[in-house]
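Work through the following exercises with the sequence and the model open. Each task is followed by a stepwise solution.

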Amino acid sequence: MIDCGAFQGKRKEADRKNREWDFDAKEIDAAVLTHAHYDHSGLMPLLVKKGYRGNIFSTSATRDLAHIIMMDSAKIQARDGEFLKKQAKKEGGDFEWEPLYAEKEVIQTINQFVSLSYERPIFIAPNIEVCFYDAGHILGSSLAVFTINEDGNRDLRIAYSGDLGRKNKPIIRDPALIPDPDYLVLESTYGDRLHDSTEGAMEKLADVINRTVERGGKVIVPAFAIERTQELVFFLHLLTDARKIPRLPIFVDSPMATNATAIFKVHPECYDEETNQAFIDHHNNPFGFNELKYIESTSESKELNNLQGPAVIISSSGMCEAGRIQHHLIHNISNPVNTILIAGYMAENTLGRYIREKKPEVRVLGKWVPLRAEVAEIDTLSAHADYGEMWEYVRRLDLKRLKKIFLVHGENKSLSVFSDFLRRQGIQEVEIVEKGKEYLLT
Ligand SMILES: [Zn+2]
């Protein structure tokens, strides 16, 4: 089993998909987790709940981050369950919804992890070896390469991309080159898109802060608790040290982001050379500096509402749909001296998307409020390679040995655009994987 992710999105639809389970968990011999994101790790506890007792192989940073993500999901599900139960009671209806799994199953799942460093191959089943290579996507992310040798003669190598990252991302290394595979299973999230270059994000961030400080305002940044928050903290640390921004109070107001940052701190084996040179070589913590404060309690969070003068507040949820960010928005969004900085993906029909689109009025915590703050955007921090970057990666492999590329993990349009693109580059054997179909790899 490679990855066991959960669907996200509209609650009912996602819930139905997450409950569709057409195989026997007990028949699986080994499981591998490429990285911690919920759409890759979110159903591992359900696999365990359904009777899987084998090992789950991953890097140790992936195990630690997945722990937070799976636990957070179990807590949210428990809370949703309570809420739905109360509602059903009020309406006098029946209540049937059960969480997919509980915290105890997350703990059981964590117990089944076997963690491995990058490029340390290990047998996971007779004749099947796995080796992780840095995917450059998020902390601990990996491409998983399987080497199968059943007859003692020829290796069959199958590479599974997980989510492929990009060059020059802050903190983590660039995607590592894998040994030439016979088959490549490749993600297609941005199979139909090209990004702006990864450069310039830090300078843009400095500009936004400096002009907001000049107005005497605050910069409010909705950010995902894992990866984006740490990238921003990392940039702010560098900018502060280089005096490219004035010394001003910076707050990370999200318990999950604070926990995730602690994990980033204990996995320097995942840092790139620039991070080592800038911080580790000087015995310096990239994620801690004088101006920065991690907010824990709700009362401390509320105190930020009375804070006078310029500051940066980073908070989640990333798309502004829930969490403490909503309180910071309601207190700051209608004042033109402030800036709302959009630094990540905003899905359709989310508050974050409406802010990005600069709607004159937005609904925050159930109230309509005028959007008068500046809205700024940094859109260069995406963690997924675009199709150009994916091709850049694939073309370095031995294309004579490569028998086929299987495309997975993308919306229909990006899958078909990407497969056409790969054919135009001369890859004849490209196949979009169909759910339920079996493929024989020889
Ligand atoms: Zn991912």
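**Exercise 1: the metal site**

Identify the donors of the zinc ion and describe the site.

Step 1. His 35 (NE2), His 37 (ND1), His 137 (NE2) and Asp 163 (OD) coordinate the zinc ion at 2.2 to 2.3 Å. Donors are N, O and S atoms within 2.8 Å of the metal (3.2 Å for Na, K and Ca); water is not among the atoms, so sites may look incomplete. This is a predicted model, in which local features need pLDDT of at least 70 and side-chain atom pairs count only at pLDDT 80 or more, while totals for chains, interfaces and linings use all residues. Residues are numbered from 1 along each chain as its sequence is written, and side-chain values use heavy atoms, with hydrogens and water left out.

Step 2. The angles among the 4 donor atoms run from 91 to 164°, and the site is irregular. Four donors count as tetrahedral if all angles lie between 85 and 135 degrees; four count as square planar and six as octahedral if opposite donors are over 155 degrees apart and all others between 65 and 115; anything else is irregular.

Step 3. Along the sequence, the donor residues follow the spacing H-x1-H-x99-H-x25-D. His 137 sits in the loop between β5 (128-134) and β6 (142-148), and Asp 163, 26 residues apart from it, in the loop between β7 (156-160) and β8 (183-187). Helices (H or I, at least four residues) and strands (E, at least two) are DSSP runs, numbered from the N terminus.

Step 4. His 137 is buried at 0% relative accessible area, and Asp 163 is buried at 1%. Buried means under 20% relative accessible area, exposed over 50%, partly exposed in between (1.4 Å probe, protein chains only).

**Exercise 2: the salt bridges of Asp 182**

Which parts of the chain does the pair of Asp 182 and Arg 401 tie together?

Step 1. Asp 182 and Arg 401 form a salt bridge with an N to O distance of 3.0 Å. A salt bridge is a side-chain nitrogen of Lys or Arg within 4 Å of a carboxyl oxygen of Asp or Glu.

Step 2. Asp 182 is in the loop between β7 and β8 and Arg 401 in the loop between α13 (387-394) and β17 (404-408), so the pair ties together parts 219 residues apart in sequence.

Step 3. Asp 182 also meets Arg 154 in a salt bridge, at 3.6 Å from N to O. Arg 154 belongs to the loop between β6 and β7, so this pair connects parts 28 residues apart in sequence.

Step 4. Asp 182 is buried at 3%, whereas Arg 154 is partly exposed at 44% and Arg 401 is partly exposed at 27%.
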